[in-house]
Amino acid sequence: MIDVVEFVSGGLHLNPSLLAADFANLESDIKSLEQAGATILHLDIMDGHFVPNISFGVPVVESIRRVTDLILDVHLMLAKPADYLKVFKQAGADLLSIHIETAPDPRPLFDQIRKLGALPGLVLNPSTPVEKIAPFIGDCNLVLAMGVMPGFGGQKFDPSTLDKLKYIKKIADTNLLISVDGGVGDNTITDCADAGANLFVTGTALFKGNIRQRFRQLNELLNKR
Ligand code: DX5
Ligand code: ZN
């Protein structure tokens, strides 16, 4: 199981979103990410109900697990997340994140996720007030502020996300993974770090060029601060 304390104290981590990878050559993209120094991978699961898009499901997560030992951070954009926790854990998820919009009291789901042997995360959309997640921040290992409405990569970052990150950082304990997802790239990643994020989901910004080079360039932006 992932040692969150060690991971968070390891500094700021890029979290590649495979939604923007080459699905016909996933293994080769994952190997490039490993060589670049990636520690974690972000897997976007979409059901066509909670979000207006369908991405990939359990067999793909299983296949990814077979070719890498990196931490698998599984982002569930599902209308009924409770029905799928077990299968995604069995497929290889280390972190399982659910949306507050689908689980107004997420604590029973956090308990289930822990019982399965994974770590729970809580996600909120740009349109959801951050106060909605405040009561539950102490009960999970990861909080993810969406920088775009979920469903598609390549959208523009909503700057109101920065205030949400600041709010989360202020009330979080030091071992919380504070993640940001959507529209994170060259022009926004530093602001996200300054606002308190320590985990940066990057899809388009990372895969739009040479993966190793882009990984290095984005990491440099984080380390230059
Ligand atoms: C959006 C997904 C994101 C997406 C980010 O619904 O949750 O993880 O892949 O993509 P970019 O980095 O292109 O905004
Ligand atoms: Zn995501």
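What makes the arrangement of donor atoms around the zinc ion (ligand 2) octahedral? I should say at the start that this is a predicted model, and within it the six donor atoms around that ion subtend angles of 68 to 169 degrees, which makes the arrangement octahedral.

As for the residues behind those atoms, the zinc ion (ligand 2) is coordinated by His-42 through NE2, Asp-44 through OD, His-75 through ND1 and Asp-181 through OD, at 2.0 to 2.3 Å. Along the sequence these donor residues follow the spacing H-x1-D-x30-H-x105-D. His-75 sits in strand β3, residues 71-77, while Asp-181 belongs to strand β7, residues 177-181, so the pair ties together parts that are 106 residues apart in sequence. Both count as buried, since His-75 has a relative accessibility of 0% and Asp-181 one of 7%, where buried means under 20%.

Let me turn to the nonpolar interior. The largest nonpolar core has 62 residues, and among these Leu-18 and Phe-200 touch the most other members; helix α9, residues 211-223, supplies the largest share of this core, with five residues. If we leave out residues up to four places away in sequence, Leu-18 touches, among others, Phe-23, Leu-26, Ile-30, Phe-207 and also His-42, which is one of the zinc donors. A second, separate core comprises 15 residues, including Ile-40, Val-123, Leu-142 and Leu-144.

Finally, a word on Thr-202, which lies in strand β8, residues 199-202, and is buried, with a relative accessible area of 0%. Setting aside neighbours within four places in sequence, Thr-202 is in contact with Leu-14, Asn-15, Pro-16, Ser-17, Val-184, Phe-207 and Leu-218.

Note on methods: Residues numbered from 1 in each chain as written. Chains lettered and ligands numbered in written order. Predicted model: local features only at pLDDT ≥ 70, side-chain atom pairs only at ≥ 80, totals over all residues. Heavy atoms only, no water. Donors = N, O, S within 2.8 Å, 3.2 Å for Na, K, Ca; no water. Tetrahedral: all angles 85-135°; square planar, octahedral: opposite > 155°, others 65-115°. Helix = DSSP H or I, 4+ residues; strand = E, 2+ residues; numbered from the N terminus. Buried < 20%, exposed > 50% of the residue type's maximum accessible area, 1.4 Å probe, protein only. Contact = heavy atoms within 4.5 Å. Core = buried A, V, L, I, M, F, W, Y, C linked by side-chain atoms within 4.5 Å.
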